[in-house]
Amino acid sequence: MAIELEGLGLSPELADVMTRLARVGADLARTIARNGVEADLAAGVGTNAGGDGQKALDVMADDAFREALTGTAVAYYASEEQDEVVTLGEGTLALAIDPLDGSSNIDVNVSIGTIFSIFPATDDPNTSFLRKGSEQLAGGYIIYGPQCAIVCTFGKGVHHWVLDLDTRNFKRLPDIKMLPQDTSEYAINASNYRHWPSPIRAFIDDLVAGAEGPRGRNFNMRWIASLVAETHRILMRGGVFLYPGDERKGYARGRLRHVYECAPIAFLITQVGGGATDGCEDILSALPDKLHARTPFVFGCAAKVARVTAYHDLPGEETSALFNTRGLFRS
């Protein structure tokens with residue numbers, strides 16, 4: 001099993017790590033395709049460090065990636081499924097990972113994935129990860145869907161591979177050059193509308209108002225509840241994704257993790273001309289204060305992400321209701 005990395009200028013250590021990630025990804029793709037044949041991968045098995053329920057596949061994926069990376073250039077392994085950073089050796093790299101993103105979709109045959117981020121290791125396990133996302137050496141994901149694909153950036157463009165099921169090799173496709181700009185799609189969990197801060201409600205109200213509202217056009221909402229699947233769609237078709245913080249207990253900073261979910265996705269999106277913020281501030285410039293820190297997350301087409309920020313800058317009376325005269329926000 002291999003992944004085509006020629007011409008990317010990777011160090012031998014980083015190339016080896018990518019090859020191992022690809023190998024585990026291919027194995028997981030086969031396991032996922034056989035869900036229910038030998039085991040129920042969606043069975044609950046416990047709770048992770050962030051308080052979220054763990055599925056059997058969460059633990060299986062975490063074990064597989066950790067074992068594959070032991071004895072490699074990865075000195076430190078930080079996973080959503082581990083309370084603390086795990087030391088794997090004395091290498092030069094630090095890898096953060098959400099081994100299985102979208103666990104709630106395992107039993108309904110919807111695309112799920114793995115998100116990973118690679119930093120140069122420091123002398124301390126925690127400080128290797130508690131740093132600006134702009135310091136990443138690599139960020140990307142593996143998506144398990146109708147195709148198993150890897151999308152990754154090493155800081156110079158976004159690369160795309162698809163698993164050839166006949167050879168079990170990841171074949172490189174043309175790089176993803178730029179986010180599509182002229183799109184009318186947005187992604188948010190609308191069931192939480194009543195809990196959102198007023199700038200987010202106002203932004204969505206203006207989209208829902210469609211051609212008769214201040215944006216002067218109709219929009220379509222998408223929501224998959226799998227960050228990898230949402231990201232893949234936006235990379236291919238454009239649009240904007242929002243997971244704001246809200247007033248519910250435990251949701252003040254949303255539910256997505258900064259280090260191993262939002263930072264690598266932000267790294268990818270900005271490489272193709274997109275934007276990524278917490279609603280106001282740049283994700284890649286932010287400093288997480290702990291390994292499992294959460295952050296609100298808005299990413300996608302740069303102009304749309306900037307527009308969300310602009311709604312936060314409006315006077316309070318203008319974010320509390322729909323204003324048809326908001327010329328600033330016409331598309």
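Helices and strands here are DSSP runs, numbered from the N terminus, with at least four residues for a helix and at least two for a strand. With those labels in hand, we can walk through this predicted model together.

## The eight-stranded sheet

Let's start with the sheet. In what order do its eight strands sit? They run E4-E3-E5-E6-E7-E8-E9-E10, forming an open sheet with mixed pairing. The edge strands are E4 (86-87) and E10, each of which pairs on one side only. In general, strands of a sheet are held in pairs by backbone hydrogen bonds, and the pairing can be parallel or antiparallel.

For one example of pairing, look at E6 (residues 112-120) and E7 (residues 138-144). These two strands run antiparallel and are joined by seven bridges. Within this pair, serine 117 has glycine 139 in E7 as its bridge partner. Helix H5 (residues 258-271) packs on the sheet, where it touches E3, E5, E6, E7, E8 (148-153) and E9 (158-164). The direction of H5 makes about 100° with that of E7.

Another helix also meets these strands. Helix H2 (residues 56-69) lies across E3 (74-79), E4, E5 (93-101), E6 and E7, and runs at about 155° to E5.

## Phenylalanine 65 and alanine 29

Helix H2 is home to phenylalanine 65. Is this residue buried or exposed? Phenylalanine 65 has a relative accessible area of 0%, so it is buried. Leaving out neighbours within four places in sequence, its contacts include Leu21, Val24, Gly25 and Leu28, and also Tyr77, Ile97, Pro99, Thr114, Ile142 and Tyr144. Phenylalanine 65 and leucine 21 are 44 residues apart in sequence, but their C-alpha atoms are 6.9 Å apart in space.

Alanine 29 belongs to helix H1 (residues 12-33). Its relative accessible area is 16%, so alanine 29 is buried. Setting aside residues up to four places away in sequence, alanine 29 touches Tyr144, Cys148 and Leu163. Its C-alpha atom is separated by 14 Å from that of threonine 167, which is 138 residues away along the chain.

## Strands E11, E13 and E15

Now find strand E13 (residues 240-243). Val240 and Leu242 point one way from E13, Phe241 and Tyr243 point the other way, and all are buried. E13 pairs with E11 in the parallel sense over two bridges, and tyrosine 186 stands opposite valine 240. E13 is also joined to E15 (residues 297-301) by four bridges, and here the strands run antiparallel. On this side, valine 240 stands opposite glycine 300.

Just ahead of E11 comes a loop worth a visit. Serine 184 sits in the loop between E10 (169-176) and E11 (185-187). What links the side chain of serine 184 to that of arginine 217? A polar contact of 2.7 Å joins them. Serine 184 also touches Asn218, Phe219 and Asn220. With a relative accessible area of 18%, serine 184 counts as buried because the cut-off is under 20%.

## Two helices side by side

How do helices H4 (residues 227-237) and H5 meet? Their axes come within 11 Å and cross at roughly 10°. Angles under 35 degrees count as roughly parallel, so H4 is roughly parallel to H5. H4 brings Leu227, Thr231, Ile234 and Leu235 to the contact, while H5 brings Glu261, Ile265 and Ile269. By class, five of the residues in this contact are nonpolar, one is polar and one is charged.

## Two residues with a positive phi

Most residues other than glycine have a negative phi. Against that background, the table shows two residues to look up in the structure.

| Residue | Phi | Place | Relative accessible area |
|---|---|---|---|
| Arginine 168 | about 60° | loop between E9 and E10 | 34%, partly exposed |
| Alanine 225 | about 65° | loop between E12 (220-222) and H4 | 36%, partly exposed |

Arginine 168 has its positive phi although it is not a glycine, and the same note applies to alanine 225.

Methods. Residues numbered from 1 in each chain as written. Predicted model: local features only at pLDDT ≥ 70, side-chain atom pairs only at ≥ 80, totals over all residues. Heavy atoms only, no water. Buried < 20%, exposed > 50% of the residue type's maximum accessible area, 1.4 Å probe, protein only. Contact = heavy atoms within 4.5 Å. Polar contact = N/O pair within 3.5 Å; in protein donor to acceptor, adjacent residues only side chain to side chain. Pairing = 2+ DSSP bridges. Axes fitted to C-alpha atoms, helices over the stretch in contact; angles between N-to-C directions. Parallel < 35°, antiparallel > 145°, perpendicular 65-115°, else oblique. Nonpolar A, V, L, I, M, F, W, Y, C, P; charged D, E, K, R; others polar.
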